[in-house]
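Please open the model in a viewer and keep the selection panel at hand. The stops below are best taken in order.

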Amino acid sequence: MMPIMKKILNRTETYVILTALLFGIAVEAVSGQFFSNTGMINLARAVMVYLVFGITEMLSLTCAGPDVSYPALASLSAFITASWFGSASYQGSIIVPFLVCMAIGALGGMINGYIMARFDFPSLIVTLGTSSVFSGIMYGPLKASNTILHGTMAEFGSINMIAVTNPENGLKANLPAQFLIVTVLYLIVFFLLRYTMFGRGLYAIGSDKAAAERSGFKTGRIIFLAYTLGGTIAAIGGFMYTCNVGAISPSDLMGGEMIIIAACTLGGIRPGAGIGGLFNVIIGVVLLIMIQNNLLMLGIPLYFQDVFTGAIILLGTIVAINSQRSRNGIKKNG
Amino acid sequence: MNDGVLSVENINKSFGGVHALKDVSMQIRGGEVHCLSGENGSGKSTLIKIISGYYKPDSGKICVDGNEYREMTPAESINHGIQVIYQDFSLFPNLSVMENLSINAEAARGSKIISYKRMRETALRAVEKINLKIDMKAKVADLSVADRQMTAIARALVHDAKVIIMDEATASLTRNEVNCLFKVIHQLKEEGVAIVFVSHKLDEVFEISDSITIFRNGMNVVSCKASEINEERFSYYMTGREIQSTQEKPLVGDSSRIMLETKNLTVEGAFEDVSIQLYKGEIFGIAGQLGSGRTELAMTLFGMADIKSGEILMEGNPIKISSVQKAKQLKIGYVPEDRLTEGLFLEQALVENVAVTHLADLSSKAGFYHKKEAEEETTQWIDTLSISPRNRNNLAQKLSGGNQQKVVLAKWLACNPSILILNGPTVGVDIGAKQDIYDLLNQYASQGMSIIIASDDILEIKKLCNRVAVMKGGKINAFLCGEEVTEQALIEASI
């Protein structure tokens with residue numbers, strides 16, 4: 001019994017979940033609406049797109065470091081797709097624009113992946129560069145601007161899967177059908193990470209790239225695949241977001257990378273160390289979005305929220321990394 | 001040429017303009033321990049990387065079990081039964097022991113989907129071979145160094161390896177752990193495995209090897225039976241010059257002048273009740289294995305630890321060495337064990353590295369740095385210590401281990417210390433440079449400098465020190481003096 005307890009207490013995840021629970025209880029105490037059916041559905045709705053981007057970020061963080069290009073890539077893919085299929089004249093299947101969007105994302109991911117695999121630069125530098133390129137294409141030659149969606153894409157965004165009403169106050173909440181996409185993505189990526197050489201290779205590369213190469217992993221190919229997959233998933237996130245909002249809004253997602261990187265780190269993913277997985281993404285994203293969306297409820301003034309969120313990110317990261325360091329085991333000789 | 005399990009013929013490899021391997025041939029038979037030796041940069045690592053498929057040779061061929069190959073990929077090399085155990089073990093600390101043991105095999109199979117059941121079986125088979133008791137689920141990050149070493153060895157055995165290359169596998173092991181490793185090597189040898197043992201620790205080489213190959217400047221200068229070569233010839237082949245010590249016996253020092261003395265010094269969690277005396281003009285040895293407290297003692301004398309009780313006296317006066325700055329004021333210098341992270345600015349030129357310890361001396365009163373003076377001084381040190389290449393603007397990281405160590409020495413000697421503390425002064429330094437460093441230390445000691453050497457290299461302690469404190473478990477286990485300083489006595493007191 002004792003060793004199991006110790007193991008649990010040693011894990012970052014335990015503390016993240018505890019914090020989330022405590023925070024939930026605090027919000028519940030003030031508003032009485034957190035642990036209600038509508039509260040939960042609203043939370044699921046709020047984290048949905050972030051969870052998708054979280055996968056992209058996690059793939060990059062695991063094998064190399066932060067990817068800051070995904071918002072631009074997601075926006076670009078969604079914008080191109082929407083400008084082709086987002087008018088009332090397109091009434092065909094949603095599958096076509098969905099696949100087109102994925103393909104554009106994959107292409108962008110391949111560019112990241114190729115540069116990363118070929119030149120071995122820091123991921124931050126590479127993705128900072130490609131991010132500029134992606135958003136440059138969008139605003140420059142493509143002249144992106146806000147437009148309302150019509151036709152299939154708009155309809156797709158408004159399909160709901162679950163609709164609930166709070167018996168106490170009559171408030172309603174809906175969960176979009178797109179949540180299924182998120183679930184399927186998580187299942188696929190879980191399988192890839194756990195049961196394929198690609199997934200294990202990703203962790204091996206994050207741990208020690210030279211050692212992974214010596215072990216017989218084709219490191220370049222794995223990194224290329226990881227970024228291609230990441231780009232594809234980012235595009236799916238962008239597609240979901242655009243359909244959901246019902247409008248093309250190219251600048252909406254920009255700057256979101258910081259929240260996702262923070263959520264991943266908070267959830268227990270160690271950048272470039274091959275530590276952490278999908279579970280860490282989920283708990284990190286849920287905790288951070290919970291905090292962001294409910295601070296007002298707790299009486300924290302709006303203008304103070306960024307400071308508060310920032311402080312929590314810093315604190316969480318420091319605690320997590322410190323506990324990691326102390327039991328890392330790679331001690332100095334002597 | 002094909003009677004060996006593994007042979008290479010006329011291998012050439014260049015990087016840019018540097019000819020790293022020139023027409024190298026060697027062969028290794030099953031059931032033999034073949035020592036591959038050579039100074040840093042002699043090409044032995046390059047050859048290993050070619051055999052393991054990491055580099056492609058420019059020309060020449062590799063023969064495994066009678067089959068010839070022009071080049072191999074890492075996965076092919078593993079499939080041909082070649083396994084390399086690297087100095088850093090090349091394990092994945094974030095993964096479990098089970099996965100570490102079996103992941104190479106999975107990668108070599110070339111399957112896209114992995115099976116945890118199969119991996120478990122592979123891992124169990126591997127640990128059985130060397131009777132290793134280890135928690136399969138533990139993360140490698142949580143293992144001790146010795147357990148990691150054993151895990152790395154077990155991993156090499158997964159594939160019914162025909163050839164196991166151990167690249168400086170003993171570098172971070174204590175003597176006890178080395179003994180364990182040798183037992184495993186003997187067992188493997190009996191099973192007919194060919195072992196390539198890369199090391200430049202002379203005592204280990206002669207203890208374990210059947211045959212010896214020595215590289216110098218990218219060429220195979222000699223391949224012979226271990227019994228056909230002695231230590232002097234070995235050193236000669238490695239360095240291309242006769243190594244002769246200028247100082248035959250350790251310096252005795254002036255016992256009437258005690259430069260530094262500790263009385264019942266205790267540092268929490270590191271060592272306790274340590275009393276030593278350092279005479280003027282001697283090289284005092286602190287021997288002891290990893291974790292015995294020797295490093296901590298050395299660091300304490302340089303102001304890097306909080307003293308719990310006891311005192312330090314300098315020439316009879318009680319002093320407090322509370323910080324590194326204080327130690328420097330007291331004219332104490334310290335050469336750390338890990339020069340790469342603690343001793344050098346790898347990305348900076350030699351000039352900056354040498355000047356950094358005494359910038360105040362090289363600056364005007366107003367605080368302006370005299371670049372010229374620093375440059376001239378560095379050039380002098382390059383000459384005095386024969387650092388090569390002789391360019392003060394070279395980045396420290398471009399130098400070989402031995403030359404890097406000389407730079408670290410230079411930067412402290414430039415402060416003109418009266419007491420110099422060296423921790424593992426020749427770790428990873430090859431024979432030629434080692435002797436240069438010994439000669440230097442002897443020279444400075446005979447001019448009146450007092451030197452402390454903390455080391456687990458028994459031969460080094462024996463060669464340099466007249467008086468030795470042997471530490472074990474945080475305490476001084478024995479004091480040895482003069483004739484008492486023998487290999488036997490040093491080993492017995494430290495284990």
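The tour of this predicted model begins with a pair of helices, proceeds to the contact between chains, and ends with the domains and sheets of chain B.

**Stop 1: two helices of chain A**

Select residues 37–63 of chain A, which form helix H3, together with residues 278–294 of chain A, which form helix H13. Their axes come within 9 Å and cross at roughly 135°. That angle makes H3(A) oblique to H13(A), and the crossing is right-handed. To display the contact, show on H3(A) the side chains of Leu43(A), Ala46(A), Val47(A), Tyr50(A), Leu51(A), Gly54(A), Ile55(A) and Met58(A). Facing them on H13(A) are Leu278(A), Val281(A), Ile282(A), Val285(A), Val286(A), Ile289(A), Met290(A) and Asn293(A). What classes do these residues fall into? The contact of H3(A) with H13(A) has 14 nonpolar and 2 polar residues, and no charged ones.

**Stop 2: where chain B touches chain A**

Next, display both chains. Here 24 residues of chain A are in contact with 29 residues of chain B. On the chain B side, select helix H2 (74–79), helix H3 (97–109) and helix H9 (294–301), each of which supplies at least two residues. Which helix gives the most to this side? That is H3(B), with 5 residues. Coloured by class, the side of chain B that touches chain A shows 17 nonpolar, 7 polar and 5 charged residues.

**Stop 3: the two domains of chain B**

Hide chain A and colour residues 6–239 of chain B as domain 1 and residues 254–494 as domain 2. The centres of these domains, taken over C-alpha atoms, are separated by 34 Å. Each domain of chain B has 11 residues in contact with the other. On the domain 1 side, the largest share, 3 residues, comes from helix H8 (residues 231–239) of chain B. That side divides into 2 nonpolar, 6 polar and 3 charged residues.

**Stop 4: the sheet of 6 strands**

Now trace the open sheet of chain B with the order E6-E7-E8-E3-E9-E10, in which the pairing is mixed. Strand E6 (82–85) and strand E10 (219–225) of chain B each have a single partner strand, so one side of each is left without a neighbour in the sheet. Direction ignored, neighbouring strands are turned by 20° against each other on average. At one end of the order, strand E9 (residues 211–216) of chain B runs antiparallel to E10(B), joined by 6 bridges. Label Ser211(B) and find Lys225(B) opposite in E10(B).

Helix H1 (residues 44–51) of chain B packs on this sheet, touching E3, E6, E7, E8 and E9 of chain B, and its direction makes about 145° with that of E7(B). Add helix H6 (residues 175–190) of chain B, which lies across E3, E7 and E8 of chain B and runs at about 145° to E8(B).

**Stop 5: the sheet of 4 strands**

Finally, select the open sheet of chain B with the order E2-E1-E4-E5, where the pairing is antiparallel. Its edge strands are E2 (18–28) and E5 (67–69) of chain B, each pairing on one side only. The twist averages 25° from one strand to the next. Strand E4 (residues 59–64) of chain B pairs with E5(B) over 3 bridges, and Cys63(B) has Glu68(B) as its bridge partner in E5(B).

Keep H1(B) in view: H1(B) also lies across E1 (6–15), E2 and E4 of chain B, running at about 115° to E1(B).

Definitions and conventions: Residues numbered from 1 in each chain as written. Chains lettered and ligands numbered in written order. Predicted model: local features only at pLDDT ≥ 70, side-chain atom pairs only at ≥ 80, totals over all residues. Axes fitted to C-alpha atoms, helices over the stretch in contact; angles between N-to-C directions. Parallel < 35°, antiparallel > 145°, perpendicular 65-115°, else oblique. Left-handed = near helix turned anticlockwise from the far one by under 90°. Contact = placed C-beta atoms within 7 Å. Nonpolar A, V, L, I, M, F, W, Y, C, P; charged D, E, K, R; others polar. Domains from an automatic or database assignment. Pairing = 2+ DSSP bridges.
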